[in-house]
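Work through the exercises below with the sequence and the model open. Each task is followed by a solution in steps.

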Amino acid sequence: MENINQFYNLTESEMLDLWKQILHLETPRRDCTVEWDDGIDLDALLLTHIKQWYAHQLNTAPAKLLPIEDLASQVPINTRNGIVVATVPEQSVRPVEWKLAEWQRSVTEFLDPCSHEAMLQLNEWTRGGASDPAIIDYGFQMLMMSTAGGSPQLERDRCVVRPAAGTYRFHSELLSTIPQWDSATS
């Protein structure tokens, strides 16, 4: 179990042990072996809860408590009618900060495609400029408005990312949410 700068980087078995400890489900040592097969598979049940909890945290917890990576080098982009279309990498869960090289600032608030603000971006006269850029988040694609033309270059694409299968990375502050999560799902 690795805890660097208050971030945990755990394997699935370490995460399972941590949940058992937090939920007081550890079996006390009595220097004997007891086996039975008529109960629930506690480990399987907890692993399901762990996966649900972690997916929820990746989607909703403050980004500073989760793994963030700059994926700019992995994002294919193309331009259509002055709008840069970016395909979001598979490991990306949600955007945190994006910036095109010609923009004067990054975008950290992403527009819902159905919002009034997003609709304004589709008109070249009401679209933001390089000093006031906007991005419409379609989940699998991002529409980046206010390009200056030419060959746009994605300078920054910081996203909350999903770690490799079987690993969990998160800030220790999220540990306090485990008992409430378990109570809500039981």
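**Exercise 1.** Set aside residues up to four places away in sequence and find which residues Ile50 touches.

Solution. The model is predicted. Step one: apply the contact cut-off, heavy atoms within 4.5 Å. Step two: with residues up to four places away left out, the partners of Ile50 are Met15, Leu16, Trp19 and Tyr168.

**Exercise 2.** Describe the largest nonpolar core and state which elements build it.

Solution. Step one: this core holds 26 residues. Step two: rank its members by contacts inside the core; Met15, Trp19, Ile50, Trp53, Val160, Phe170 and Leu174 have the most. Step three: assign members to elements; two or more residues each come from β2 (7-11), α1 (12-22), α2 (42-60), β6 (92-100), β10 (167-171) and α4 (178-185). Step four: compare the shares; α2 gives the largest, with 6 residues.

**Exercise 3.** Name residues of another core that lies apart from the largest one.

Solution. This other core has 17 residues, including Ala72, Leu100, Trp103 and Phe110.

**Exercise 4.** Summarise the protein chain as a whole: elements, burial, contacts and surface.

Solution. Step one: count 4 helices and 10 strands. Step two: write their order along the sequence, β-β-α-α-β-β-β-β-α-β-β-β-β-α. Step three: take residues under 20% relative accessible area as buried; they make up 40% of the 186 residues. Step four: consider contacts with a separation of 6 or more; 73% of them join residues 24 or more positions apart. Step five: the exposed area is about 11200 Å², and carbon and sulfur atoms supply 49% of it.

Conventions. Residues are numbered from 1 along each chain as its sequence is written. This is a predicted model: local features need pLDDT of at least 70, side-chain atom pairs count only at pLDDT 80 or more; totals for chains, interfaces and linings use all residues. Side-chain values use heavy atoms; hydrogens and water are left out. A nonpolar core is a set of buried Ala, Val, Leu, Ile, Met, Phe, Trp, Tyr and Cys residues joined through side-chain atoms within 4.5 Å. Buried means under 20% relative accessible area, exposed over 50%, partly exposed in between (1.4 Å probe, protein chains only). Accessible areas come from the Shrake-Rupley method with a 1.4 Å probe; for residues, only the protein chains shown count as cover.
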